Amino acid sequence: MTTKFGAAVLRSYESPFTVEEVILNAGPADGEILVRIAGCGMCRTDLAVRGSAGRSPLPAVLGHEGAGVVVETSGPDTGLSVGDHVVLSFDSCGHCRSCLDAAPAYCDSFASLNLFGGRTENAARFTDAAGIALAPRWFGQSSFAEYAMVPARNAVRVDSSLPIELLGPLGCGFLTGAGAVFNSFGTGPGDTIAVLGAGAVGLAAVMAATAAGAVTVAVDRHPERLALAERLGASPLHPASGGLPERIRRLTDGGPQYALDTTGSAQLINDALRALRPTGHLGLVARLHTALPLEPGTLDRGRRISHICEGDAVPGLLIPRLTGLWQAGRFPFDQLIRTYPLADINEAERDCDAGRVVKPVLIPAGTGR
């Protein structure tokens, strides 16, 4: 079987994406499904490939927040059928200790499967029109494309009445923010939480905290992001006004029990630790590129800090929870999305870098809005 379709290819770390014809030279192998992509979110992790110091192989088709419709399966063992609507999430091996312990985000092979190589089996079957092999599947999917071949364990079936073209970010960005609140912190009614950074991950955390009944503070330097966070249920704070830890404490009855940093800013991380009440927990989701200097006293009185990957989520459990909350009007993630035709991927990247859009979603067919 040979399938030709359009995809956005990144050929060098400095060049723009090019939308071109790519070729899949075989059908699904054992445990795989072929998905027609309806929409794919653009995540900061996709854009971070440009600064990956060559560790993410190119040329490649990126994209790891895909959603679409199953058009072919390798058989009944996948648990999915042609016509199923699915959200695609990160890849994992399924058999290491972390995967068996329901912690697939901490899979022993997470980096190789998702970031720096991908699966080795059948790798060369995915090529450009000249026959040059494209890098193995990014996060198991490479969904900046009209079609994606993915391991069935990456795919979560969803209600076909949902707007499938908008659901892709539930597989990573929104899953990360919401999962930190629900899973990592176990936030419940009356709890207090500070969210540092009101981008896609931070605003997903705000929505989840509001849904959980928590008192929430959102910190960001962009007034429009703060206005959006306030509309979603958080008290907004700009970090430049000084005395940020004290201002957070005033809004959270003496200090939050939880704080989530999505910025990677050393100053904001220290401010968040100072704001926490005793035994409070600060979670980090942004990758740190330099040493993190912690100021004296920030970890006193039982305060702790941890890194959170993919919201500590089992996608097959959290994604249905999030779609259910959306249907109930309690997780309005669609308010964060702007759609673009796949052909406009470079415009979407520029808008994302400039902060003009919270969550771009690329539509392989159609005009976007």
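These are my notebook entries on cores, sheets, helices and salt bridges in a predicted model.

**Entry 1. Nonpolar cores**

I began with the buried nonpolar residues. The largest nonpolar core holds 104 residues. I listed the members with the most contacts inside this core: Phe-144, Leu-167, Phe-174, Phe-182, Phe-331 and Phe-333. I then asked which element gives the largest share of this core. Helix H5, residues 200-212, does, with 10 residues. Apart from the largest core I found another one, of 16 residues. Leu-244, Leu-268, Ala-275 and Leu-284 are among its members.

**Entry 2. Leu-318**

I looked up Leu-318 and placed it in helix H9, residues 315-327. Is Leu-318 buried or exposed? Its relative accessibility is 4%, so I noted Leu-318 as buried. I also checked its separation from Leu-170. The two residues are 148 apart in sequence, while their C-alpha atoms are 8.9 Å apart in space.

**Entry 3. The antiparallel sheet**

I traced an open sheet of four strands and wrote down the order S4-S1-S2-S7. The pairing in this sheet is antiparallel. Which strands stand at the edges? Strand S4 (60-61) and S7 do; each has a single partner strand, so one side of each lacks a neighbour in the sheet. I looked at the S1 and S4 pair in more detail. S1 and S4 run antiparallel and are joined by two bridges. Val-9 faces Val-61 of S4.

**Entry 4. S3 and S8**

I turned to strand S8, residues 147-151, and checked its burial. Four of the five residues of S8 are buried, and I recorded the strand as mostly covered. Strand S3, residues 32-41, runs antiparallel to S8, and five bridges join the two. In this pair, Ile-33 stands opposite Val-150 of S8.

**Entry 5. The parallel sheet**

I traced another open sheet, with six strands in the order S12-S11-S10-S13-S14-S15. Here the pairing is parallel. I noted strand S12 (235-237) and strand S15 (304-307) as the edge strands, each pairing on one side only. How are neighbouring strands turned against each other? On average by 20°, with direction ignored. I then examined one pair within the order. Strand S13 (residues 258-261) pairs with strand S14 (residues 281-284) in the parallel sense, over four bridges. Leu-260 has Gly-283 of S14 as its bridge partner.

**Entry 6. Helices H7 and H8**

For this entry I needed two quantities. Two packed helices are described by the angle between their axes and by the distance between the axes. The axes of H7 and helix H8 (residues 266-275) come within 8 Å of each other. They cross at roughly 45°. I therefore entered H7 and H8 as oblique to each other. The crossing of H7 past H8 is right-handed.

I stayed with H7 (residues 244-251) to look at a charged pair, Glu-246 and Arg-249. Both lie in this helix, three residues apart, which is about one turn. Their side chains meet in a salt bridge, at 3.5 Å from N to O. Glu-246 has 37% relative accessibility and counts as partly exposed. Arg-249, at 26%, also counts as partly exposed.

**Entry 7. Other salt bridges**

I looked up how many salt bridges the structure holds. There are 13. Side chains of opposite charge can pair when their charged atoms come close.

I picked Arg-11 and Asp-128, whose closest N and O atoms are 2.8 Å apart in a salt bridge. Which parts does this pair tie together? Arg-11 is in the loop between strand S1 (3-10) and strand S2 (18-24), and Asp-128 is in strand S7 (residues 126-128), so the pair ties together parts 117 residues apart in sequence. Arg-11 is partly exposed, at 36% relative accessibility. Asp-128 is buried, with a relative accessible area of 3%.

I next took Asp-351 and Arg-356, whose side chains meet in a salt bridge at 2.9 Å, N to O. Asp-351 counts as buried at 6% relative accessibility, whereas Arg-356 is exposed, with a relative accessible area of 56%. I followed the shared partners from this pair. They join Arg-338, Glu-347, Asp-351 and Arg-356 into one network of salt bridges.

Technical notes. Residues are numbered from 1 along each chain as its sequence is written. This is a predicted model: local features need pLDDT of at least 70, side-chain atom pairs count only at pLDDT 80 or more; totals for chains, interfaces and linings use all residues. Side-chain values use heavy atoms; hydrogens and water are left out. A nonpolar core is a set of buried Ala, Val, Leu, Ile, Met, Phe, Trp, Tyr and Cys residues joined through side-chain atoms within 4.5 Å. Buried means under 20% relative accessible area, exposed over 50%, partly exposed in between (1.4 Å probe, protein chains only). A salt bridge is a side-chain nitrogen of Lys or Arg within 4 Å of a carboxyl oxygen of Asp or Glu. Two strands pair if DSSP finds at least two bridges between them. Axes are lines fitted to C-alpha atoms, for helices over the stretch in contact, and angles run from 0 to 180 degrees between N-to-C directions. Angles under 35 degrees count as roughly parallel, over 145 as roughly antiparallel, 65 to 115 as roughly perpendicular and the rest as oblique. A crossing is left-handed if the near helix is turned anticlockwise from the far one by less than a right angle, and right-handed if clockwise.
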